[in-house]
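User: I'm new to this one, so please pick a single spot, look at it closely, and then walk me outward from there into the rest.

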Amino acid sequence: MPLGIASIAALLKSKGYEVNILDADILNYSLNEIKDYIKITKPDVVGVSFFTYDRFVAFKIAHFAKEYGAVVIGGGHHISALPNDVLLNVNDFDFVVIGEGELSTLELHDCLNTQKPRLNEIKGIGFRKNGVVKINQPRELINDLDDLPNPAWSLLPIKSYPRYSVMGSRGCPNDCIFCGSPKFWQRRIRTITPQKFINSIEELVSTYGKKYFRFMDDTFTLNKEWAREICEELLDRKIDIKWECQGRVESADINLFKLMKDAGCYKISFGIESGSQRILNIIKKNITKDMALKAINAARKAGIERVGTFFMLGFPTETYAEMEETYDFSQILRGDMISFNPTSIYPGTELYQMIVSAGVLKKDFAWHRSGFYSKGFLTHDDIPICETRQLNRTDIEDTAKRFYMRSFINRLYFLRNYKNWYYFSETQIGIGISRKDLILFLNEVRLFLRQHSNLVKAPLLFIIAFLISFLKLLRRVYRKNSHHH
Ligand code: B12
Ligand code: SF4
């Protein structure tokens, strides 16, 4: 759920502006459908919110909106990291909003309507004046988030979301080099009051009915007292919902986890990122492997049903052996959900600066031009990843793929419990069956068999694994055929 624009929409609405939101992502709208939507709703102003990976689609939308004759405003993480770059290279944006957007967007609307405040007095925006890019003073963060109205749920296609997203805090005090949050939210964590947070949950449940929630905070457990109050409030008001959140391993606290479980938390995920302490230090994750182990054990002991662990591969100077350490560590932690992601590089991160200084990007790479990098396994079109002299993009993608396969084989072989099957379905997402994948997979099976050659179950495993690959292949062929009809 796009909470940023929903929050801006709510504020504009509360000040008398008529607002619509199109979540083209969840509705799976084509560019033509978006164009039609603009024609039908006849907006005076079109705001476009996007990340880095989808910027070229956003640029096209901005172009339609401009062609149609609207004032076009852009906002979000990509623009906030590269306001100059966007204004210089994408003429269709009249204005960009940098950083936290509510107040800047409201003032910009007031200015467009009544000339007050004047354009150059509005903090946190950029625009072109006589062909020259002008970036105004930065906007300070809102002091009290309780001053903002709740996101405008009623403007979202609420039935399309499998669960509702809510967010009680903005920002994170940490400084991980690959993350956009530190620069964007200035490492300051602000929370709304537990009462306000729970009110919006209650409103969602009573108005729209679903009981599954995702708490989108960077780290829900960072401010333990606040998290505790939220759980207590949920319990006091007997709000029967199931929710998931993200935690940091240093804030692990079995009592808090128990309370969270009682209040409906069924899943907590931790960004562990690496199994190599050297890499953890380089990326400024500010955790140790021991802390990670303790946190996961505490969450398990507290009875939280699923514990997720995120890992990233291919950090600066990371060696293949260190990625193997990450795999081994993932198996020690044994999360119910494990992800291995090649490290994408986003503007506005320290990692991006490092990569620029190291001269690793392709010659002539520029964020506003496409065609430099293409999508692979868990990597995006036009997003660089952190390649090193030893490991190129394909090596890192293949390593991620092989780690998924390897942990799948392990789980399958040891058939531990139901959760293994759940895990299987989650981690298989994205692995297609091509000849190369099949070879990678069989190679992983071979390595596994070699390691466990003394075990009798081995031939059985081989047959099952082969059958599954075969069935997937059949399904793919079948799907392809049915598309042709
Ligand atoms: C929740 C979240 C998600 C959710 C929901 C995303 C969504 N559609 O909103 C999920 C889990 C789906 C998600 C997915 C991804 N995410 Co994400 N996500 C976040 C997270 C943690 C919070 C975003 C949020 O809701 N913030 C709260 C609202 C209030 O802030 P906001 O959205 O930034 O909006 C404010 C301003 O940006 C601005 N604004 C935003 N839009 C607009 C538009 C206009 C017109 C204006 C004027 C202003 C404006 O005003 C808003 C209000 O103040 C951020 C990290 C962070 N702490 O911000 C990463 C983050 C945004 N995600 C990121 C990434 C990379 C992704 C993925 C691409 C990851 C991947 N490899 O697949 C996917 C994208 C998949 C997809 N289809 O969306 C990056 C973005 C970096 C970048 N430059 O692109 C971030 C910064 C984290 C990081 N890794 O550094 N994400
Ligand atoms: S990765 Fe997580 S812990 Fe690190 S800075 Fe980003 S939000 Fe904070």
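Analyst: Leaving aside its neighbours within four places in sequence, Ile 396 is in contact with Leu 313, Gly 314, Pro 342, Ile 385 and Leu 391 (contact means C-beta atoms, placed from the backbone, within 7 Å of each other). This is a predicted model: local features need pLDDT of at least 70, side-chain atom pairs count only at pLDDT 80 or more, and totals for chains, interfaces and linings use all residues. Residues are numbered from 1 along each chain as its sequence is written, while chains are lettered from A and ligands numbered from 1 in the order in which they are written.

Back to our residue: Ile 396 sits in helix α15, residues 393-414 (helices are DSSP runs of H or I, at least four residues, and strands are runs of E, at least two, numbered from the N terminus). Is Ile 396 buried or exposed? Ile 396 is buried, because 29 other C-beta atoms lie within 10 Å (20 or more counts as buried, 12 or fewer as exposed, in between as partly exposed). Gln 186 is 210 residues away along the chain, and its C-alpha is 31 Å from that of Ile 396.

Now for the sheet. Five strands make an open, mixed sheet in the order β1-β2-β3-β4-β5 (two strands pair if DSSP finds at least two bridges between them). At the edges are β1 (45-49) and β5 (132-135), each pairing on one side only. Edge strand or not, β1 is largely enclosed by the rest of the structure, because four of its five residues are buried. β1 runs parallel to β2, with five bridges, and Val 45 has Val 71 as its bridge partner in β2. β2 (71-75) also pairs with β3 (95-97), again in the parallel sense, over two bridges; Gly 74 is bridged to Val 96 there.

Packed against this sheet is helix α6, residues 102-114. Its buried residues, among them Leu 103, Thr 105 and Leu 108, pack against α1 (3-14), β1, β2, β3 and β4 (125-129). Just after α6 comes Gln 115, with a positive phi near 65°.

Past β5, the loop leading to β6 (164-166) holds Asn 136. Asn 136 counts as partly exposed because it has 16 C-beta neighbours inside 10 Å. Its C-alpha lies 5.7 Å from that of Ile 125, eleven residues apart along the chain. Not counting residues up to four places away, Asn 136 touches Asn 120, Ile 122, Lys 123, Gly 124, Ile 125 and Gly 126.

Some of these elements turn up again around ligand 1. Of the 36 residues around it, Gly 4, Gly 47, Gly 75, Gly 101 and Gly 180 come nearest (a residue is near if its C-beta, placed from the backbone, lies within 6 Å). The elements giving two or more residues to that shell are α1, β1, β2, α4 (77-81), α6 and α7 (181-185), and α1 has the largest share, with five. By class, the shell has 17 nonpolar, 15 polar and four charged residues (Ala, Val, Leu, Ile, Met, Phe, Trp, Tyr, Cys and Pro are nonpolar; Asp, Glu, Lys and Arg are charged; the others, Gly among them, are polar).

Ligand 2 has surroundings that include Cys 172, Cys 176, Cys 179 and Arg 248. Its shell has four nonpolar, four polar and three charged residues.

Notes: Expected span 1.5 Å × (residues − 1). Contact = placed C-beta atoms within 7 Å.
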